[in-house]
Amino acid sequence: MYDLTVIIPTFKEEANIRKIITEVDAVFLKNALNGEILVVDDNSPDNTIAIVNELKKTKTNVSLLVRKSDHGLSQSVADGFLHASSDVFVVIDADLSHPPVLIPKMYGEIRAGSDVVIGSRYMEGGGIKKWPLKRRVISLGATFLGRLLFPDITDPVSGFFAVRKRVVAQAQLKPRGYKILLEVLGKGIWENDKEIPFEFSDREIGASKLKIKTIIEYAQQVMDITLYSFSHHESAAWREWKKVFKFGLVGLTGVIVNLAVLKLLLMAGISGYAALFFAIVVAILNNFLWNDLWTFKDSAQRLVTSVWQRLWLFYTVSAGGAVINYGIAIALTQFIGMKIELADLIGILIGFVWNFVINRRLTWGRK
Ligand SMILES: Nc1nc2c(ncn2[C@@H]2O[C@H](COP(=O)(O)OP(=O)(O)OP(=O)(O)O)[C@@H](O)[C@H]2O)c(=O)[nH]1
Ligand SMILES: [Mg+2]
């Protein structure tokens, strides 16, 4: 039984396949890992298959899966999950964009308790070498969308990751397009993730396969994972929705506290505007406490460790939310003549999204 299986999806990689297999195998040897290499090829018309077959003669830990139907990168990786013979999978590109030397570290993190370990281009220490502006913009857009589903993960669309078999074994993956990791995070069953920075280097040989279709498929995938989470409450995206619901509920308690404090202070003879101001301050404090102790209580490795600092941030972000609420309500009444109640409601909703997104990332974000 192997310790881990390195899955390499390939399509027309005759220029790189020998080098990547040799490098991965050398990393196994150097780190005393009993690793398997599984090449999943979409029936490449070039020499990829022949080269792998030749390498198989001398390396017993290399195997090849040639697919004849349902062509696609994500489909190939998902097929690799089914055919791998170990309990830990590492997915890596064939074109040497991902450094194989990081494989032992990824494996080590899995052994230490992570369910998913992601090679991240977008965390401190990571990066991208030699990418044209267009590629960078597309990638950042994709990453931004993915982060809406998984706010703690800096690179949810990385092609370089390790995952335990049990995360994907029961998952109803619907692989499509390029972003198999997003599918794994969205449909797999996992608790602990870890990111490792790495520098992505652009392929030197062979052609890129990124097309417009890829971008459309990606948007569909994000929608699909969102819908999936509504009916699969063990999913990570549902954990995120629960936070949104809790945050909203806390917001409602804030309204009650606000009105109650206002009423009390007015009864005590405090002047209207002063009472109003105080009521708002107390309501925000109420919201902070509930969110800190309940909504975000499980936030691991907090970015902001001091509770006072979190409180200060929460007040600042809330003030921003109020300004947004006010600004949008005024703009909607002024410019399109909307009724003020409706305009306010829309302002409240957008302010809510602001408050959640920014506080989630900043006030209760992860390091
Ligand atoms: N099995 C299979 N592998 C694929 C397919 N498309 C791409 N790959 C492999 O998936 C990995 C990533 O593909 P790349 O074309 O390098 O994608 P990219 O890194 O986004 O783009 P470039 O490096 O600029 O070409 C490589 O190992 C490819 O050989 C496919 O349709 N089927
Ligand atoms: Mg590449």
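How far does a polar side-chain atom of His 71 lie from an oxygen atom of ligand 1? The answer is 2.9 Å. Before I go on, keep in mind that what you have in front of you is a predicted model.

Okay, let's stay with the ligand for a bit. His 71 has company there. Glu 13 also uses its side chain: one of its N or O atoms is 2.6 Å from an oxygen atom of ligand 1. With Pro 9, the partner is in the backbone instead, where a polar atom sits 2.8 Å from a ligand oxygen. And how much of ligand 1 does the protein bury? Taken alone, the ligand exposes 620 Å², and the protein buries 94% of that.

So who is around it? In total, 20 residues surround ligand 1. The closest are Glu 13, Asp 42, Asp 95, Arg 135 and Arg 203. If you sort the shell by character, you get eight charged residues, seven nonpolar and five polar. As for secondary structure, strand S1, residues 4–10, gives at least two residues to that shell, and so does helix H3, residues 73–83.

Next, a residue I'd like you to click on: Asp 25. You'll find Asp 25 in helix H1, which covers residues 17–30. Is Asp 25 buried or exposed? Its relative accessible area is 17%, and buried means under 20%, so Asp 25 counts as buried. What does its side chain pair with? There is a polar contact of 3.1 Å between the side chains of Asp 25 and Lys 59. If you ignore the neighbours within four places in sequence, Asp 25 is in contact with Ile 37 and Asn 61 as well as Lys 59.

Last topic, backbone angles. Two residues to look at here. One is Asp 70, in the loop between strand S3, residues 62–66, and H3. Its phi is near 50°, so we have a positive value in a residue other than glycine. The other is Leu 96, again not a glycine, and again with a positive phi, this one near 65°. Leu 96 lies in the loop that runs between strand S4, residues 88–91, and helix H4, residues 103–111. And its exposure? Leu 96 comes out at 22% relative accessibility, and the partly exposed class runs between 20% and 50%, which is why Leu 96 counts as partly exposed.

That's my tour. If you want one thing to pull up on screen, try ligand 1 with Pro 9, Glu 13 and His 71 shown, at 2.8 Å, 2.6 Å and 2.9 Å respectively.

Definitions and conventions: Residues are numbered from 1 along each chain as its sequence is written. Chains are lettered from A and ligands numbered from 1 in the order in which they are written. This is a predicted model: local features need pLDDT of at least 70, side-chain atom pairs count only at pLDDT 80 or more; totals for chains, interfaces and linings use all residues. Side-chain values use heavy atoms; hydrogens and water are left out. A residue is near a molecule or strand if one of its heavy atoms lies within 4 Å of it. A polar contact is a pair of N or O atoms within 3.5 Å; within protein, one must be able to donate a hydrogen and the other to accept it, and residues adjacent in sequence count only if both atoms are side-chain atoms. Accessible areas come from the Shrake-Rupley method with a 1.4 Å probe; for residues, only the protein chains shown count as cover. Helices (H or I, at least four residues) and strands (E, at least two) are DSSP runs, numbered from the N terminus. Ala, Val, Leu, Ile, Met, Phe, Trp, Tyr, Cys and Pro count as nonpolar, Asp, Glu, Lys and Arg as charged, and the others, Gly among them, as polar. Buried means under 20% relative accessible area, exposed over 50%, partly exposed in between (1.4 Å probe, protein chains only). Contact means heavy atoms within 4.5 Å.
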